[in-house]
Amino acid sequence: MAYQIACPACGSEALDPRRSQSECSACHQHFVVTAHCPECDEVLERVQACGAVDFFCNHCNNLVSKRAARYDLRPA
Ligand SMILES: [Zn+2]
Ligand SMILES: [Zn+2]
């Protein structure tokens, strides 16, 4: 099962952080998903490697895992 993040509207862990826009599968609201570096708070770039998407911080020059990233969710 893919890692999912909590929906700010209904609290269900139903948003896909791999997409820049994600729909909550529980309440069907759409959100713009922005990932931030846990170290420096810069916006992370999405990178694809072998189908698994993680993030890259251009500021720290580091890969950041989906679980480590901090997410900013805004209604789309
Ligand atoms: Zn929801
Ligand atoms: Zn960083």
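This briefing introduces a zinc site and a small group of paired strands, S5, S6 and S7. Please keep in mind that the model is predicted. Four cysteines hold the zinc ion (ligand 1), and three strands form an open sheet.

**The zinc site**

- The zinc ion (ligand 1) has Cys-7, Cys-10, Cys-24 and Cys-27 as its protein donors, each through its SG atom, at 2.3 Å.
- The site is tetrahedral, and the angles among the four donor atoms run from 107 to 115°.
- Along the sequence, the donor residues follow the spacing C-x2-C-x13-C-x2-C.
- Cys-10 sits in the loop between strand S1 (5-6) and strand S2 (13-15), while Cys-24 sits in the loop between strand S3 (21-23) and strand S4 (30-36), so this pair ties together parts that are 14 residues apart in sequence.

**Buried or exposed cysteines**

- Cys-10 is partly exposed, because its relative accessibility is 37%, a value between the cut-offs of 20% and 50%.
- Cys-24 is buried, because its relative accessible area is 0%, which is under the 20% cut-off.

**The three-stranded sheet**

- The open sheet runs in the order S5-S6-S7, and its pairing is antiparallel.
- Strand S5 (45-49) and strand S7 (62-64) are the edge strands, each pairing on one side only.
- From one strand to the next, the twist averages 45°.
- Strands of a sheet pair through backbone hydrogen bonds, in a parallel or antiparallel way.
- S5 pairs with strand S6 (residues 52-57) over five bridges, in the antiparallel sense.
- Glu-45 has Phe-56 in S6 as its bridge partner.

Definitions and conventions: Residues numbered from 1 in each chain as written. Chains lettered and ligands numbered in written order. Predicted model: local features only at pLDDT ≥ 70, side-chain atom pairs only at ≥ 80, totals over all residues. Heavy atoms only, no water. Donors = N, O, S within 2.8 Å, 3.2 Å for Na, K, Ca; no water. Tetrahedral: all angles 85-135°; square planar, octahedral: opposite > 155°, others 65-115°. Helix = DSSP H or I, 4+ residues; strand = E, 2+ residues; numbered from the N terminus. Buried < 20%, exposed > 50% of the residue type's maximum accessible area, 1.4 Å probe, protein only. Pairing = 2+ DSSP bridges. Axes fitted to C-alpha atoms, helices over the stretch in contact; angles between N-to-C directions.
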